[in-house]
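I opened this entry to record what I looked up, one topic at a time. The structure goes in first and the notes follow.

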Amino acid sequence: MALARSLVLLAFLSTACTGAQSPTGECLGYACDEDGAKAMFWETTEAAYTPSDAARASLDAVFAKALEKMAKERGFTPDGFELARGNLKKFLSEVPEGADTLATEADNLQKGSSRLCPLFPFC
(Lines give C-alpha, C1' and ligand atoms only; values in the text may rest on other atoms or scores of the structure.)
Protein backbone atom coordinates (compact mmCIF):
# COMPACT_ATOMS: atom_id res chain seq x y z
CA MET A 1 0.00 0.00 0.00
CA ALA A 2 2.78 2.44 0.91
CA LEU A 3 4.63 1.57 -2.30
CA ALA A 4 1.51 2.27 -4.36
CA ARG A 5 1.08 5.69 -2.69
CA SER A 6 4.74 6.47 -3.28
CA LEU A 7 4.42 5.60 -6.95
CA VAL A 8 1.30 7.77 -7.32
CA LEU A 9 3.06 10.66 -5.57
CA LEU A 10 6.14 10.22 -7.76
CA ALA A 11 3.98 10.20 -10.91
CA PHE A 12 2.19 13.35 -9.75
CA LEU A 13 5.41 15.18 -8.93
CA SER A 14 7.03 14.21 -12.21
CA THR A 15 4.15 15.72 -14.18
CA ALA A 16 3.44 18.66 -11.86
CA CYS A 17 6.98 20.04 -11.90
CA THR A 18 7.74 19.96 -15.58
CA GLY A 19 7.48 23.69 -16.25
CA ALA A 20 5.44 25.34 -18.95
CA GLN A 21 5.42 22.35 -21.26
CA SER A 22 4.86 18.81 -20.13
CA PRO A 23 6.32 15.80 -21.95
CA THR A 24 2.97 15.42 -23.73
CA GLY A 25 3.13 18.99 -25.05
CA GLU A 26 0.39 20.39 -22.84
CA CYS A 27 0.22 24.04 -21.94
CA LEU A 28 0.62 24.43 -18.17
CA GLY A 29 -1.24 21.16 -17.71
CA TYR A 30 -4.08 22.13 -20.07
CA ALA A 31 -4.74 21.09 -23.65
CA CYS A 32 -3.14 23.67 -25.98
CA ASP A 33 -6.43 24.79 -27.49
CA GLU A 34 -9.41 27.04 -26.89
CA ASP A 35 -11.02 24.70 -24.35
CA GLY A 36 -7.77 24.39 -22.41
CA ALA A 37 -7.28 28.15 -22.37
CA LYS A 38 -10.84 28.75 -21.21
CA ALA A 39 -10.42 26.20 -18.41
CA MET A 40 -7.15 27.86 -17.39
CA PHE A 41 -8.78 31.31 -17.34
CA TRP A 42 -11.60 30.16 -15.07
CA GLU A 43 -9.39 28.11 -12.73
CA THR A 44 -7.02 31.06 -12.36
CA THR A 45 -9.92 33.43 -11.68
CA GLU A 46 -11.68 31.13 -9.24
CA ALA A 47 -8.45 30.59 -7.32
CA ALA A 48 -8.49 34.31 -6.49
CA TYR A 49 -12.23 35.16 -6.43
CA THR A 50 -15.69 33.76 -6.21
CA PRO A 51 -17.12 35.79 -9.10
CA SER A 52 -20.66 37.14 -8.88
CA ASP A 53 -23.07 36.56 -11.76
CA ALA A 54 -22.28 40.04 -13.09
CA ALA A 55 -18.54 39.37 -12.89
CA ARG A 56 -18.99 35.99 -14.62
CA ALA A 57 -20.87 37.65 -17.48
CA SER A 58 -18.19 40.33 -17.84
CA LEU A 59 -15.39 37.79 -17.66
CA ASP A 60 -17.13 35.56 -20.22
CA ALA A 61 -16.95 38.46 -22.67
CA VAL A 62 -13.31 39.19 -21.77
CA PHE A 63 -12.34 35.52 -22.13
CA ALA A 64 -14.16 35.15 -25.47
CA LYS A 65 -12.23 38.12 -26.85
CA ALA A 66 -8.99 36.74 -25.41
CA LEU A 67 -9.57 33.35 -27.03
CA GLU A 68 -10.12 35.02 -30.40
CA LYS A 69 -6.88 36.95 -29.98
CA MET A 70 -4.96 33.84 -28.95
CA ALA A 71 -6.27 31.98 -32.01
CA LYS A 72 -5.40 34.87 -34.32
CA GLU A 73 -1.91 35.32 -32.88
CA ARG A 74 -1.14 31.61 -32.48
CA GLY A 75 -1.21 31.91 -28.71
CA PHE A 76 -2.24 28.30 -28.03
CA THR A 77 1.32 27.38 -27.11
CA PRO A 78 3.00 26.72 -23.77
CA ASP A 79 4.53 30.21 -23.86
CA GLY A 80 1.20 31.79 -24.82
CA PHE A 81 -0.57 30.03 -21.96
CA GLU A 82 2.12 31.06 -19.49
CA LEU A 83 1.91 34.70 -20.61
CA ALA A 84 -1.89 34.74 -20.56
CA ARG A 85 -2.08 33.19 -17.09
CA GLY A 86 0.56 35.55 -15.72
CA ASN A 87 -1.29 38.53 -17.15
CA LEU A 88 -4.62 37.30 -15.79
CA LYS A 89 -3.04 36.90 -12.34
CA LYS A 90 -1.65 40.44 -12.63
CA PHE A 91 -5.09 41.77 -13.55
CA LEU A 92 -6.78 39.92 -10.69
CA SER A 93 -4.20 41.13 -8.18
CA GLU A 94 -4.89 44.73 -9.20
CA VAL A 95 -8.69 44.55 -8.73
CA PRO A 96 -9.54 46.73 -5.74
CA GLU A 97 -11.68 45.32 -2.98
CA GLY A 98 -15.27 46.43 -2.91
CA ALA A 99 -18.80 45.68 -4.01
CA ASP A 100 -18.32 43.72 -7.23
CA THR A 101 -15.34 45.64 -8.51
CA LEU A 102 -14.35 42.52 -10.44
CA ALA A 103 -17.28 43.04 -12.83
CA THR A 104 -16.41 46.72 -13.29
CA GLU A 105 -12.74 46.01 -13.85
CA ALA A 106 -13.54 43.18 -16.28
CA ASP A 107 -15.77 45.59 -18.25
CA ASN A 108 -12.88 48.06 -18.39
CA LEU A 109 -10.56 45.30 -19.56
CA GLN A 110 -12.97 44.27 -22.31
CA LYS A 111 -13.31 47.88 -23.49
CA GLY A 112 -9.54 48.32 -23.45
CA SER A 113 -9.86 51.15 -20.94
CA SER A 114 -8.18 49.35 -18.05
CA ARG A 115 -5.01 51.04 -16.80
CA LEU A 116 -3.32 47.65 -17.31
CA CYS A 117 -3.89 47.59 -21.09
CA PRO A 118 -2.27 46.36 -23.23
CA LEU A 119 -2.37 43.01 -21.49
CA PHE A 120 -2.13 39.98 -23.80
CA PRO A 121 -4.55 38.48 -24.72
CA PHE A 122 -7.19 40.38 -22.76
CA CYS A 123 -6.85 43.86 -24.24
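**Helix pair α2 and α4**

I began with two helices and found that α2 and α4 are roughly parallel to each other. The model I am reading is a predicted one. General note to self: two packed helices are described by the angle between their axes and the distance between the axes. I looked up both values: the axes of α2 and α4 come within 10 Å and cross at roughly 30°. Angles under 35 degrees count as roughly parallel, so the crossing at roughly 30° gives the label I wrote down for α2 and α4. I also noted the hand of the crossing, and α2 passes α4 in a right-handed one.

Which residues of α2 and α4 meet? On the α2 side I listed G36, A37, M40, F41, T44, T45 and A48. On the α4 side I listed F81, A84, R85, L88, K89 and L92. Sorted by class, this contact of α2 with α4 holds 8 nonpolar, 3 polar and 2 charged residues.

**Disulfides**

How many disulfides does a search of the whole structure find? I got 2. Counting bonded cysteines along the protein chain, I wrote the pattern as 1-2, 3-4.

One disulfide joins C27 to C32, with an S to S distance of 2.0 Å. The torsion about its S-S bond is about 115°, so I entered the link of C27 and C32 as right-handed. Is C27 buried or exposed? C27 has 0% relative accessibility and counts as buried, because the cut-off for buried is under 20%. Its partner C32 is partly exposed, with a relative accessible area of 27%.

The other entry is the disulfide that C117 and C123 form, with their sulfur atoms 2.0 Å apart. Here I read -120° about the S-S bond, and the link of C117 and C123 is left-handed. C117 is partly exposed at a relative accessible area of 22%, whereas C123 counts as buried at 16%.

**Cis peptide bonds**

Before the backbone checks I wrote down the background: most residues other than glycine have a negative phi, and most peptide bonds are trans. I then looked up the exceptions.

The peptide bond from C117 to P118 is cis, with omega near 0°. C117 is thus on two of my pages, as it also forms the disulfide with C123. P118 lies in the segment after α5, and α5 covers 101–111. I found another cis bond from F120 to P121, with omega near -10°. P121 is likewise found in the segment after α5.

**Positive phi**

L28 has a phi near 55°, which is positive in a residue other than glycine. I placed L28 in the loop between α1 (2–16) and α2 (34–48). L28 counts as buried, at 16% relative accessibility.

R74 also came up: its phi is positive, about 55°, although R74 is not a glycine. I placed R74 in the loop between α3 (53–72) and α4 (78–94). Is R74 buried or exposed? R74 is exposed, with a relative accessible area of 73%, because the cut-off for exposed is over 50%.

**Last check**

I went back over the loop positions once more. The loop of L28 runs between α1 and α2, and the loop of R74 runs between α3 and α4. α2 and α4 are the helices of my opening note, roughly parallel to each other.

Technical notes:
Residues are numbered from 1 along each chain as its sequence is written. This is a predicted model: local features need pLDDT of at least 70, side-chain atom pairs count only at pLDDT 80 or more; totals for chains, interfaces and linings use all residues. Side-chain values use heavy atoms; hydrogens and water are left out. Helices (H or I, at least four residues) and strands (E, at least two) are DSSP runs, numbered from the N terminus. Buried means under 20% relative accessible area, exposed over 50%, partly exposed in between (1.4 Å probe, protein chains only). A disulfide is a pair of cysteine sulfur atoms within 2.5 Å. Axes are lines fitted to C-alpha atoms, for helices over the stretch in contact, and angles run from 0 to 180 degrees between N-to-C directions. Angles under 35 degrees count as roughly parallel, over 145 as roughly antiparallel, 65 to 115 as roughly perpendicular and the rest as oblique. A crossing is left-handed if the near helix is turned anticlockwise from the far one by less than a right angle, and right-handed if clockwise. Contact means heavy atoms within 4.5 Å. Ala, Val, Leu, Ile, Met, Phe, Trp, Tyr, Cys and Pro count as nonpolar, Asp, Glu, Lys and Arg as charged, and the others, Gly among them, as polar.
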